[in-house]
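Welcome, and thanks for taking a look at this one with us. Please have the sequence and the 3D view open side by side as you read.

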Amino acid sequence: MTESRTTEEPQYLRDIWYCAALSGDVKPGKMTRKMLLNEPVMLGRTPSGEAFALRDLCPHRGVPLSAGRFQGNDVECPYHGWRFNAQGRCTAIPSLVEGQEMDIARIGVRRYPMVEERGLLWIYMGADANAAPALPHPSLPYDGPGGPRFVERQVFPVSIDYTVVGLMDPAHGPFVHSSWFWRKAGSIHAKAKNYAPTEHGFAMLAHEPSKNAGLYKVLGGGITTEITFTLPSLRYEVIKAGKNHILGFTAVTPLTDSQTEVTQVFYWNNRLFSLFTPLMRPFAKIFMGQDRKIVTLQGESLKFNPRQMLIQDADVPAMWYYRLKKEWMESRAEGRAFINPVPTTTLRWRS
Ligand code: FES
Ligand SMILES: [Fe+2]
């Protein structure tokens, strides 16, 4: 199976939830500007604690609302003081004098549906600003206590597609991640993994981790790992060992056409694992940095519009990613149910 693609501008999926930020990024009574899917978005949290998202452009003359301040639970634009509530409705225009009747509530700024759960802020990027979300926000496959125990986050200087394909690609491990603490370049060997479609993605079915994944050994025996990928660009790795339950969650969020944020968050139910977090931190930084470095190199070639070859089993997850995206866009455009194009199959490669 071989496919060839030319480099294209990324197409962003609409009518779907993206992981916008971590809860801690937005403090009560504060606002922050963030580009998401090439759109300026103001992420805010009212003094009473509600997180919300508005288009970061004042409808009066386009000044970023994120440069303003809170007045009560409303946002005040720094230019002429127009105020907006968390729903994006205008609540005050200070320049109006008596007799200048205006229905100011008809003035609004785009509001994005936002949900906060387990330390994550989810944003719904709908095609239509006024439509209700077509899907519930993603729920994490983790039922233990608490929020994120460990976070590593980096911005990759390439599009979402190169970032997702770079992270899901199984064949780069021995070349990009060879290091004394993980695995040696010479340890390459044949692998076979079983895959099945999920609702909007695919799963690599539960398996014992490979022997060369040394860090897994500290968890004890009887370990199973299940990795799922789901649209738009979310990866869940569930590790179970006896009563221990770990979720490694990776969100890939497009900021702009050439800036993509990768957020890796770990949750676990055994507090003892937290003893390892000071140790994990530098390794996670190095590990994600290796992925970042290789796609940065790749990004430097993109101006020459290289072709992308996707060959045989090692590149099949990448092919599925593009097919899932295409099917998402087509099913939305045609107003029909999503039909998952991923088959149940076994993929074989050496890595
Ligand atoms: S530009 Fe925002 S109030 Fe005028
Ligand atoms: Fe990698």
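Here is a short briefing on the domains, a helix and its packing, and one strand residue.

This is a predicted model. Its protein chain is divided into domain 1, residues 16-125, and domain 2, residues 150-350. Helix H1 (residues 160-168) is a good place to spend some time, since eight of its nine residues are buried and it is therefore largely enclosed by the rest of the structure.

**How the two domains meet**

- The centres of domain 1 and domain 2, taken over C-alpha atoms, are separated by 33 Å.
- Nine residues of domain 1 and ten residues of domain 2 take part in the contact.
- On the side of domain 1 that touches domain 2, strand S2 (16-22) and strand S3 (30-36) are the elements that give two or more residues.
- Strand S2 gives the most to that side of domain 1, with five residues.
- Sorted by class, the side of domain 1 that touches domain 2 has eight nonpolar residues, one polar residue and no charged ones.

**Helix H1 and its surroundings**

- The buried residues of H1 are Ile 160, Asp 161, Tyr 162, Thr 163, Val 164, Val 165, Gly 166 and Met 168.
- If you follow these buried residues outwards, you will find them packing against four strands and two helices: S13 (150-156), S16 (223-230), S18 (244-256), S19 (259-268), H3 and H4 (316-334).

**H1 against H3**

- Helix H1 packs with helix H3 (residues 277-301) at an angle of about 135°, and their axes are 10 Å apart.
- Because angles over 115 but not over 145 degrees fall in the oblique class, H1 and H3 are oblique to each other.
- The crossing in which H1 passes H3 is right-handed.
- From H1, the residues that meet H3 are Tyr 162, Thr 163, Gly 166 and Leu 167; their partners in H3 are Asp 291, Ile 294, Val 295, Gln 298 and Gly 299.
- By class, this contact of H1 with H3 has four nonpolar, four polar and one charged residues.

**Ala 192, a residue to click on**

- You can find Ala 192 in strand S14, which spans residues 190-197.
- Is Ala 192 buried or exposed? It has 10 C-beta neighbours inside 10 Å, so Ala 192 counts as exposed.
- Setting aside neighbours within four places in sequence, Ala 192 is in contact with Thr 346 and Arg 348.
- Ala 192 and Arg 350 are 158 residues apart in sequence, while their C-alpha atoms are 8.7 Å apart in space.

Definitions and conventions
Residues are numbered from 1 along each chain as its sequence is written. Chains are lettered from A and ligands numbered from 1 in the order in which they are written. This is a predicted model: local features need pLDDT of at least 70, side-chain atom pairs count only at pLDDT 80 or more; totals for chains, interfaces and linings use all residues. Axes are lines fitted to C-alpha atoms, for helices over the stretch in contact, and angles run from 0 to 180 degrees between N-to-C directions. Angles under 35 degrees count as roughly parallel, over 145 as roughly antiparallel, 65 to 115 as roughly perpendicular and the rest as oblique. A crossing is left-handed if the near helix is turned anticlockwise from the far one by less than a right angle, and right-handed if clockwise. Two residues are in contact if their C-beta atoms, placed from the backbone, lie within 7 Å. Ala, Val, Leu, Ile, Met, Phe, Trp, Tyr, Cys and Pro count as nonpolar, Asp, Glu, Lys and Arg as charged, and the others, Gly among them, as polar. A residue is buried if 20 or more other C-beta atoms lie within 10 Å of its own, exposed if 12 or fewer, and partly exposed in between; C-beta atoms are placed from the backbone. Domain bounds come from an automatic or database domain assignment.
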